[in-house]
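Welcome, and please get your viewer ready with a cartoon view and a way to select residues by number. We will go from stop to stop, and at each one you will hear what to select and what is there.

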Amino acid sequence: MRCRSVKDGCSPQGQCGCCTVWVDGAPRVACVTAVRRVAGRSVTTVEGLEPELRTRWARAFADAGASQCGFCTPGILLRLASLETGSRPVTRQAVESALLAHLCRCTGWQSIVEAACAALGIDPGHPQARIPDPLLASWRAQIEGPAFQSSGPDVVLGGGGFADDTAPARALVQLGAAETAPAASLGAARDGSVKVQGRNSTVPLVHPVAVPAGEWALTLQTTWVEPAYLEADASWCRPDGMPASPLANGGAFGGKRHSPVVARARTLATELQSPVRVLWSREDVVRYGPKRPPLALALRPDGSGVVRIGRTPGSPDLGELEERLRRVAPDVVIEVVDIAGPPVALELRGAVWVEVLAARLALAGRRAEGSGGGDGDGSGDGTGSADVTLPGGGRASVSVQTGAGTGPSGRGTVSVEVWAGEILDPVTLRSYVVGAVHQALGLVWSEGIAVDAAGVPLDLTIRSFGILTARDMPQVEVTLHEDDRWPVNGSDAVFAATVAAAWKAEGVPPRWPTRRSGVDHRRRVARTPDGDGQSQEREEKR
């Protein structure tokens with residue numbers, strides 16, 4: 001049918017919402033809806049919406065910055081637009097509840113809620129309509145991404161030019177990370193593929209890298225975290241042609257920068273002398289896509305110390321980390337530890353250096369407050385702040401308040417000030433700022449996936465990653481400061497500052513995520529100095 005607005009982000013899990021359509025005017029997730037159930041009924045995609053409704057909702061999303069890469073937005077738009085004809089009261093809370101069926105990894109939810117409230121005529125506090133300059137908006141998005149990205153109503157409606165949307169209709173299809181033979185159609189490729197069933201395990205999270213033995217002022221261990229970009233790795237290529245990029249409209253925040261599907265599509269197209277599509281399933285992405293390197297960090301009172309980085313077989317070289325870390329923490333020594341697990345990569349947003357910078361800021365805050373703000377046992381008072389200026393020039397000041405009943409929604413408030421040179425497009429920059437807050441809070445509070453003894457990921461479904469929903473998010477208040485400098489990245493500074501502030505608010509417990517059940521937050525130190533992460537551990541009081 002060549003209908004490109006309906007996206008596949010997780011089929012057949014039915015958990016990301018990207019394939020949402022209307023069936024007789026009610027939203028349904030297409031990947032888990034049998035064809036026999038829609039026989040004789042009306043199925044509507046965004047292409048089939050009434051022009052006035054489609055234009056109004058697409059404009060509202062664009063005005064609020066509610067779409068970045070745009071992969072998730074057609075399905076979200078359909079679900080939220082269905083609230084107009086529903087029987088329940090249309091409120092901000094109803095919008096947030098409707099979003100439980102979806103995942104957006106870019107925006108942090110708030111701008112989507114604001115866009116829906118604008119389109120539905122509720123909650124007049126939403127951002128005002130704008131007349132954007134597409135060039136300036138794309139420029140700001142490319143600085144923050146960092147990848148080329150277009151915006152506007154056409155992207156909201158699914159026209160982001162994603163790799164698999166642009167593939168020739170008669171291209172052969174190779175499905176999955178296993179090197180199965182290409183098939184003549186997607187259906188045939190599914191029949192011949194190696195399928196690993198997605199599941200949400202009950203296995204506890206592990207922290208695979210041990211803290212170095214010794215007396216330390218502050219320690220931190222992190223777990224396996226899934227980047228959870230929604231557009232699964234995909235590419236296609238004609239014989240002797242240029243492969244389609246898995247980052248055609250940005251997104252992923254470093255997660256697909258070296259995706260193997262590109263080389264695979266080129267190789268197969270050349271060998272078979274035919275156009276070939278290469279697609280990964282959601283389960284493939286989780287099992288074989290790169291993760292933030294798990295780490296164990298130990299700092300002395302003066303901020304010096306050791307960070308141990310977990311490296312897994314087949315991962316790219318981590319040598320460039322030394323230069324990155326030297327710029328923010330020159331007196332922290334790097335030790336690389338071999339562990340079992342999925343691939344790790346430094347391209348993921350702020351990998352390693354953000355954790356180290358956050359720990360140094362938390363330690364400095366303790367010194368300034370005379371050991372106030374929590375003693376590392378998770379007994380924080382719900383408030384934390386951090387001010388970060390990155391070597392590239394971006395600066396962010398973040399204050400987190402998460403006490404019960406605080407903020408307009410009762411879920412707390414995150415106040416953010418940003419200095420990123422010339423703003424270029426305030427709506428785009430604000431959208432990236434709120435998205436960075438969302439990712440940072442999730443990293444500290446809730447995100448993680450379980451692995452088995454061999455390091456193979458067990459949590460393979462969208463809802464098993466621990467990503468904060470719209471109903472979990474505190475209100476984010478953003479102030480953008482214009483200055484006459486050349487535009488620089490601001491959202492990475494926001495990410496780093498929010499990580500530090502959120503951790504302080506929790507009382508600086510020694511393990512992330514801090515709010516995930518089953519995570520033991522007592523400090524644990526390796527019994528032996530080699531710190532291979534496999535030795536017996538013991539508790540040690542501060």
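Begin with the open sheet whose four strands follow the order E11-E12-E13-E14, with mixed pairing. This is a predicted model, so please read every stop on the tour in that light. Colour E11 (383-389) and E14 next: these two stand at the edges with a single partner strand each, so one side of each is left without a neighbour in the sheet. If you look from strand to strand, the average turn between neighbours in this sheet is 10°, direction ignored.

Now zoom in on the pair E12 and E13. Select residues 395-401 for E12 and 413-419 for E13; the two strands run antiparallel and are joined by seven bridges. Which residue of E13 is the bridge partner of Val398? Show side chains there and you will find Val416.

Two helices deserve a place in this view. Add H12, which packs on the sheet and touches E13 and E14. The direction of H12 makes about 135° with that of E14. Then add H13, which lies across E11, E12 and E13 and runs at about 155° to E11.

Keep H13 on screen and bring in its helical partner. Select residues 353-368 for H11 and 491-505 for H13: their axes come within 9 Å and cross at roughly 50°. That angle makes H11 oblique to H13, and the crossing is right-handed. To see the contact itself, show the side chains of H11 residues including Trp353, Leu357, Leu361 and Gly365, together with H13 residues including Phe495, Val499, Trp503 and Lys504. By class, the residues of this contact divide into twelve nonpolar, one polar and two charged.

Step back from H11 to Val352. This residue sits in the loop between strand E10 (332-338) and H11. Its phi is near 75°, a positive value in a residue other than glycine. Is Val352 buried or exposed? With a relative accessible area of 0%, Val352 is buried.

For a contrasting setting, jump to Asp240, in the loop between strand E6 (234-237) and helix H8 (261-272). Asp240 is not a glycine either, yet it has a positive phi of about 60°. Here the relative accessible area is 65%, and Asp240 is exposed.

Next, centre on Thr461, found in the loop between helix H12 (426-445) and strand E14 (475-481). Thr461 is buried, at a relative accessible area of 6%. What is Thr461 in contact with, once neighbours within four places in sequence are left aside? Select Gln13, Gln15, Gly198, Arg199 and Asn200 to see these partners.

Two prolines make a quick detour. Pick Ser11 and Pro12, where the peptide bond is cis with omega near 5°; Pro12 belongs to the segment before strand E1 (20-23). Then pick Trp512 and Pro513, another cis peptide bond, with omega near 0°. You will find Pro513 in the loop between H13 and strand E15 (524-526).

Move on to E1. Both of its faces are covered: Thr20 and Trp22 on one side, and Val21 and Val23 on the other, are all buried. Add residues 26-29 to show E2, which runs antiparallel to E1 and is joined to it by four bridges. E1 and E2 form a hairpin with two residues between them, and in the turn Asp24 has a positive phi of about 50°. Add residues 43-44 as well: this is E3, paired with E1 in the antiparallel sense over two bridges. Trp22 is a handy landmark, standing opposite Pro27 in E2 and having Thr44 as its bridge partner in E3.

Our last stop is another helix pair. Select residues 51-64 for H1 and 110-120 for H4, which pack at an angle of about 140° with their axes 8 Å apart. H1 and H4 are therefore oblique to each other, and H1 passes H4 in a right-handed crossing. Show Arg56, Trp57, Ala60, Phe61 and Ala64 of H1, then Ser111, Ile112, Ala115, Ala116, Ala119 and Leu120 of H4, to display the contact. Its residues divide into nine nonpolar, one polar and one charged.

How values were computed:
Residues are numbered from 1 along each chain as its sequence is written. This is a predicted model: local features need pLDDT of at least 70, side-chain atom pairs count only at pLDDT 80 or more; totals for chains, interfaces and linings use all residues. Side-chain values use heavy atoms; hydrogens and water are left out. Axes are lines fitted to C-alpha atoms, for helices over the stretch in contact, and angles run from 0 to 180 degrees between N-to-C directions. Angles under 35 degrees count as roughly parallel, over 145 as roughly antiparallel, 65 to 115 as roughly perpendicular and the rest as oblique. A crossing is left-handed if the near helix is turned anticlockwise from the far one by less than a right angle, and right-handed if clockwise. Contact means heavy atoms within 4.5 Å. Ala, Val, Leu, Ile, Met, Phe, Trp, Tyr, Cys and Pro count as nonpolar, Asp, Glu, Lys and Arg as charged, and the others, Gly among them, as polar. Buried means under 20% relative accessible area, exposed over 50%, partly exposed in between (1.4 Å probe, protein chains only). Two strands pair if DSSP finds at least two bridges between them.
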